[in-house]
Amino acid sequence: MALPQSLRTSVTPLELELIASEQLVEIVPLITMEKTAFISGAYGPLRPPAKCRIPLWMATNLKLKKKCHIVPPEWLSVEFLQERLTRETSRPEFSKLPFRFAEIAKVILDVASDDVQNADKIKSLLKDLREARQAKSRDGLQKLDHSELSLPNLCSMEINEIRPFFIQSMGILTQLVREPSAE
Amino acid sequence: MDNDYFSIDAILAENQKIQCTFKVDIPDMGHLAGGSDRDIKSLTKAPIPIWLAYIMLFSDWADFTIPSPFGTRVRNALKAEPRSVKLSNLVGAGGLWYGFGKMVMDILSEEQANGISEVLTKAFKGRLLEVIDQAQHFAALGPAGGGGPSTDTAQSFREGLDGTERELFALAQESAKRMKRWHEGNDKARR
């Protein structure tokens, strides 16, 4: 195959961001728009100052043209993330987070950091969360087995990051271990 | 590293030689033993590659001993500290220690095979964590930043990596590098 080895079993972060951009977010529009049909569905009508739910890709587009304000989702707040962080550091399992939180958070913080309160604090909280979960997945490596490894509540970005490595190591382990039982 | 006929890893791993003792006379094959004899007499020792030894053992023309990369000395060193053994030294440059071990395991009888399989899996698991730690560390540094954590142990561990471990190292490094680039990219210009 022409793909480099590391891409054969995973996708790039940008592709994941694209997939995550399909999720709906709330915005406060600054322009008026009729109910318009797009490939993924019909959105609108936009009647300021009423809030409206549209896909993230459209929201970023409008925001960059200064035609809306993005309302951050409820999990993108200091209290929620702080609570999750303490939960993450106190328990050995992964805490439950929205599946694509990393991508959505990054997109919103990139284009609409003025719409988000305490953007810097949220950025540092997200970083801490990421590192705490990474440390846990390293521990999960220790228990790596040739047959199965279950890491519940892992999020899409994290899965994508560890997938090629884990799959290859489990493959190698399968070959090293299974042989005697096959005799 | 499979029994796949076409697998390049398997072919490379099979190229290692093991010591065999021939049980029968074989005329006109003296060149295999590297000597100047014309024939191989029974009970001569000769190093032959595994892909050849496989058939000889199955047809019961030779016996063999467990080769040195899996001998007691290596096993004890691995049991003590898996990360300090330089696997690449044991099987030559770019070697495939795990692949070689798997071939040997296929030929051996039940209990010996179990023993070797245990040695291999324990060594692999022990070194795996170190591989990924170093890979993530090296993903963080830029192309010119090789001088940071190159303490001697870290560097000698990297030099001692087996071929299969090198692939894992590259995989982990690639994914870590991609993540880092994505996180730090500011796409306002791109959108």
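Here is a chat about the pockets, interface and odd backbone spots of this predicted two-chain model.

Tutor: Ground rules: this is a predicted model, where local features need pLDDT of at least 70, side-chain atom pairs count only at pLDDT 80 or more, and totals for chains, interfaces and linings use all residues. Residues are numbered from 1 along each chain as its sequence is written, chains are lettered from A and ligands numbered from 1 in the order written, and side-chain values use heavy atoms, with hydrogens and water left out.

Student: What makes A:Lys63 and A:Asp115 a salt bridge?

Tutor: The rule wants a side-chain nitrogen of Lys or Arg within 4 Å of a carboxyl oxygen of Asp or Glu. Here the N to O distance is 3.0 Å, so the pair passes that 4 Å limit. The pair also links distant parts of the chain: A:Lys63 is in helix α2 (residues 56-64) and A:Asp115 in the loop between α4 and α5 of chain A, 52 residues apart. Helices here are DSSP runs (H or I, at least four residues), strands likewise (E, at least two), numbered from the N terminus. Over all chains the count is 15 salt bridges.

Student: Which salt bridge joins chain B and chain A?

Tutor: There's 1 in the count, with B:Asp133 and A:Arg138 meeting at 2.6 Å, N to O. On the chain B side, α5 (97-107), α6 and α8 each give two or more residues to the surface touching chain A, and α6(B) has the largest share, 14 residues.

Student: How do you know that the chains are in contact, and how many residues take part?

Tutor: Contact means heavy atoms within 4.5 Å, and by that rule 38 residues of chain B are in contact with 35 residues of chain A. The buried area (accessible area, 1.4 Å probe, that two parts lose on being put together, summed over both) is about 3,700 Å², with carbon and sulfur atoms giving 65%.

Student: Why is the space lined by A:Phe94 and A:Ile162 called a cavity?

Tutor: Rolling a probe the size of a water molecule over the atoms shows where empty space is left. On a 1 Å grid over the protein atoms alone, a cavity is a set of points where a 1.4 Å probe fits but cannot get out, whereas a pocket is an open set with protein on both sides within 12 Å along at least five of seven lines; lining residues have an atom within 4 Å of a point. Volume is the space filled by probe spheres set on the points, which are joined across faces, edges and corners. The rule gives 3 cavities of 30 Å³ or more, and the largest has about 70 Å³. Its lining includes A:Phe94, A:Arg130, A:Glu158 and A:Ile162, with the largest share, 4 residues, from α5(A).

Student: And what makes up the lining of the largest pocket?

Tutor: That pocket holds about 700 Å³ and has 24 lining residues, with A:Lys127, A:Arg130, B:Met179, B:His183 and B:Glu184 nearest its centre. Both chains supply helices: α4 (101-111) and α5 (119-142) of chain A, α6 (110-140) and α8 (163-184) of chain B.

Student: Which peptide bond is cis?

Tutor: The one joining A:Pro48 and A:Pro49, with omega about -5°. A:Pro49 sits in the loop between β3 (41-43) and β4 (52-55) of chain A.

Student: What is the phi of A:Asn118?

Tutor: About 55°, positive although A:Asn118 is not a glycine. A:Asn118 lies in the loop between α4 and α5 of chain A.
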